[in-house]
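Work through the following exercises with the sequence and the coordinates open side by side. Each task is followed by a solution that proceeds step by step.

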Amino acid sequence: MGFGKVGSEVARRAKGLGMHVIAHDPYAPADRARAIGVDLVGFDEALATADFISLHMPLTAATAKVLNDETFAKMKKGVRIVNVARGGVIDEEALVRALDAGVVAQAALDVFTEEPPSKDSKLVQHENVTVTPHLGASTMEAQEGVAIEIAEAVVGALKGELAATAVNAPMVPAEVLTELKPFVVLAEKLGRLAVQLVGGGSGVKTVKVTYASARAPDDLDTRLLRAMITKGLIEPISSVFVNLVNADFTAKQRGLRITEERIILDGSPESPLEFVQVQIANVESKFASAISESGEIKVEGRVKDGIPHLTRVGEFEVDVSLEGSIILCRQVDQPGMIGRVGSILGEENVNVSFMSVGRIAPRKQAVMAIGVDDQPSKETLKMIGDISSIEEFVFLKL
């Protein structure tokens, strides 16, 4: 009962012991519970079903003495109670009665209504009760661990990295965060690319994000990815700083509607995602080739060897690393184009990291995606645009 950080970690360990885990928490998101393999249930169902009840909720007006004579009567005979939350969430006199009646077979407690409990406490002296002092967070090891965790979180936040312990942010376990990290980078950069392709003054209002994965929907928590796409869409065109905590609220404030779709693929679910696609509807584009057949700006990306790549612009397939910035050119597909553009960049001391060409058919139209380490000058970009076979181009800053 209580499915926050500690409750979730207890659930993981119980799953590892082969237990079937249920949880009751009116504030826990169902998708996070499903990702761990836990069923969220109502309060009465939890009481009636559980063989072991582990408490991990705060002490509030709603949770004070939540386990009492009435609730003990609803439990299985022989239930075990573990309370590592707050002493006040259990009516201690009612617990003693439940222990004496055999309703509760055993209780393990490290928190009490009065701390330290009195020497003559019937609860502490009961033969079926195991007690430990409420000192877990005060050990040298715990204090050192918390200090290191805080320092790492602050450094990560200042570097713009994800923080699993951010207050009010989507709570994602550390191992899931590690697995999703390159896709989180990909998501933000796709958002940045897509919004920079928008032209005209209509503004971005409708965005569709598509995730392709071989994993079941319940095994993929996309809240982090959605937040980072929102960050990528909003920050390049405003002074607002978007983070995991305020992403959904900021999008709503700006009238930005983001819908999500999942494509279930056959194959191995080793990687959480095969590709991510971002589409912006009802806008003009400063690079016409980014418009898909259905009329939206469309960009798509994948993670390869831990590095995000742009793999589609509009209907053109490309393959360019998203480690620097990008120049997109649409040109007539003919020999020498890569050399001419590369020569201009080389002469202007702009280093090319990747180059990829996607085309409809030989000698027809093609889109060249060029990854560059530095931002070319306006004169350099003009020289590229002046090449007769180049029909349009755009510089996208990541």
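**Exercise 1.** Decide whether Glu-391 is buried, partly exposed or exposed in this predicted model, and then describe its salt bridge with Arg-330.

*Solution.* Begin with accessibility: Glu-391 has a relative accessibility of 39%, and because the partly exposed class lies between 20% and 50%, Glu-391 counts as partly exposed. Next turn to the partner, Arg-330, which at 17% relative accessibility counts as buried. The closest N and O atoms of this salt bridge are 3.0 Å apart. Finally, place the two residues along the chain: Arg-330 belongs to strand 15 (residues 325–332) and Glu-391 to strand 18 (residues 390–396), so that the pair, 61 residues apart, links distant parts of the chain. Elsewhere, salt bridges that share partners join Glu-188, Arg-192, Lys-231 and Glu-235 into one network.

**Exercise 2.** Find the region that UniProt annotates as "domain: ACT", and describe its secondary structure.

*Solution.* According to UniProt, in an unreviewed entry, this feature covers residues 326–398. Over these residues the chain is 26% helix and 41% strand, while the C-alpha atoms at the two ends are 8 Å apart.

**Exercise 3.** Set the salt bridge of Arg-13 and Glu-9 beside that of Asp-248 and Arg-226, giving for each pair the N to O distance and the place of its residues in the chain.

*Solution.* For Arg-13 and Glu-9, the N to O distance is 3.0 Å. The two residues are four apart in helix 1 (residues 5–16), which means that about one helical turn separates them. Arg-13 is exposed, with a relative accessible area of 55%, whereas Glu-9 is partly exposed at 32%.

For Asp-248 and Arg-226, the N to O distance is 3.2 Å. This pair links distant parts of the chain, with Asp-248 in helix 10 (residues 247–253) and Arg-226 in helix 9 (residues 223–234), 22 residues apart. Asp-248 counts as partly exposed at 45% relative accessibility, but Arg-226, at 17%, counts as buried. The count of salt bridges in the model comes to 22.

**Exercise 4.** Locate the largest nonpolar core, and explain why it lies between two domains.

*Solution.* The largest nonpolar core has 51 residues, and those with the most contacts inside it are Leu-197, Val-207, Ile-280, Leu-310 and Leu-328. Helix 8 (residues 174–196) gives the most to this core, contributing ten residues. Since domain 3 (171–314) and domain 4 (323–397) both give residues to the core, it lies between them.

To see the surroundings of one member, take Ile-280: when neighbours within four places in sequence are left aside, its contacts include Val-195, Val-198, Val-207, Leu-233 and Ile-297. Apart from this core lies another, of 28 residues, among them Val-66, Ala-85, Ala-94 and Ala-98.

**Exercise 5.** Which residues of helix 5 are buried, and what covers them?

*Solution.* In helix 5 (residues 92–100), the buried residues are Ala-94, Leu-95, Val-96, Ala-98 and Leu-99. Their cover includes helix 4 (69–72), strand 5 (104–109), helix 6 (122–125) and strand 6 (129–131). Now examine the two ends of the helix. At its start, a side-chain oxygen of Asp-91 reaches to within 3.2 Å of the backbone nitrogen of Glu-93, and just after helix 5, Gly-102 takes a positive phi of about 80°.

Conventions:
Residues numbered from 1 in each chain as written. Predicted model: local features only at pLDDT ≥ 70, side-chain atom pairs only at ≥ 80, totals over all residues. Heavy atoms only, no water. Core = buried A, V, L, I, M, F, W, Y, C linked by side-chain atoms within 4.5 Å. Buried < 20%, exposed > 50% of the residue type's maximum accessible area, 1.4 Å probe, protein only. Domains from an automatic or database assignment. Contact = heavy atoms within 4.5 Å. Polar contact = N/O pair within 3.5 Å; in protein donor to acceptor, adjacent residues only side chain to side chain. Salt bridge = Lys/Arg side-chain N within 4 Å of Asp/Glu carboxyl O. UniProt positions renumbered as here; feature names shortened; annotations may be inferred.
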